[in-house]
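Colleague: I have just opened this model and would love a close look at one part of it. Could you pick a spot and walk me through its surroundings?

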Amino acid sequence: MNDEDGTGADETEQNPPATRKDGADLAREAMARARASARERGAYRTSPKAARVKRETKRRESQPFQGGRDPLAMSDAVDTLMRRMGWTEQLEVSGVTGRWREVVGDQIADHCEPLGFDEGILTVKASSTAWATQLTIMSGQIRHRINEEFGRDIVREIKVAGPTTRSWTKGPRTVKGRGPRDTYG
C-alpha cells in the first residue's frame, strides 16, 4: 500500500498497534499474576540464604525419639486418614449394621434389617406393618442400644419403613382416578 505522498511506506510500519506486547512483557505480567495469587494463598518469598538457615536450624534441633521422627503404626496412619476424610462415623455404623443380629437381638433382627444411615438417621425396613409399628414404638430402646455399641451418640433418629406394597402403576406416568378396575373379575 502506497501513501498518497508516494513514499511507499506502509502505515502499520510507521505506527505499530499499541495493544501488541512482546514476549517479555507477557511473561512479566504472568509472573505478577502468579505472585499475587501466591500472596492470596498465604505464601511468601524467602531468600535462599534464609531458607538454608531455617533448614539447618531445624536439622540441628531435631532429636532422636522426638515426635514425628519414628514411623507410625499402620493402624494410627489409617485412623488419621479416616478422621481426615470424615469416614469414621460411616465405618462405625457399617460395623454395627454388619453385626445387626448381635446388637439388636435375634427376635428384632428376624423382622427388620438396616437399609442405610445418613446424617444421624438410621433407616430400618420392617417385614410387616405390625412390626413396623412395634419398631416405631421401640425405636428409643433400639437407638440407645446402638449408641451404647458406639460409646457415643451417633444415631439420633431411627426411621422405620414398612414393607413395600404391590403397585398397580406401570411406567413413569400415572393417571388420577379410582385405580385398577376389573382386576379381580
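**A charged network and its helix**

Modeller: Happy to! Let's begin at Arg-99, which makes a salt bridge with Glu-102, their closest N and O atoms lying 3.8 Å apart; the term stands for a side-chain nitrogen of Lys or Arg within 4 Å of a carboxyl oxygen of Asp or Glu. Please keep in mind that this is a predicted model, in which local features need pLDDT of at least 70, side-chain atom pairs count only at pLDDT 80 or more, and totals for chains, interfaces and linings use all residues. Residues are numbered from 1 along each chain as its sequence is written, and side-chain values use heavy atoms, with hydrogens and water left out.

Glu-102 counts as exposed because its relative accessibility is 62%, while Arg-99, at 33%, is partly exposed. The cut-offs here are under 20% relative accessible area for buried and over 50% for exposed, with partly exposed in between (1.4 Å probe, protein chains only).

Arg-99 has another partner: its side chain also meets that of Glu-149 in a salt bridge, at 3.1 Å from N to O. This pair ties together distant parts of the chain, since Glu-149 sits in helix 8 and Arg-99 in the loop between helix 5 and helix 6, 50 residues apart. (Helices, H or I with at least four residues, and strands, E with at least two, are DSSP runs numbered from the N terminus.) Glu-149 is partly exposed because its relative accessible area is 40%. Through shared partners, the salt bridges join Arg-99, Glu-102 and Glu-149 into one network.

Now follow Glu-149 into its helix. Helix 8 covers residues 129-150, 22 residues in total, and its first and last C-alpha atoms are 29 Å apart, close to the expected 32 Å; that expectation is 1.5 Å times one less than the number of residues. At Met-138 the helix bends by about 60°, the angle being taken between axes fitted to the seven residues ending there and the seven starting there.

Met-138 is also one of the buried residues of helix 8, a list that includes Trp-131, Leu-135, Ile-142, Ile-146, Asn-147 and Phe-150. Several other elements help to cover them: helix 5 (88-98), helix 6 (100-104) and helix 7 (106-111), along with strand 1 (112-118), strand 2 (121-126) and strand 3 (157-161).

Asn-147 deserves a stop of its own. Its relative accessibility is 7%, so Asn-147 counts as buried. Beyond its neighbours within four places in sequence, Asn-147 is in contact (heavy atoms within 4.5 Å) with Arg-152, Asp-153, Ile-154 and Val-155. Just after helix 8 comes Gly-151, with a positive phi of about 85°.

For comparison, try helix 2, where Arg-28 and Asp-25 lie 3 residues apart, about one turn of the helix. An α-helix has 3.6 residues a turn, so residues three or four places apart point the same way. Arg-28 and Asp-25 form a salt bridge, with their closest N and O atoms 2.8 Å apart. Arg-28 is exposed because its relative accessibility is 55%, whereas Asp-25 is partly exposed at 31%. By the rule above, the count comes to 5 salt bridges.
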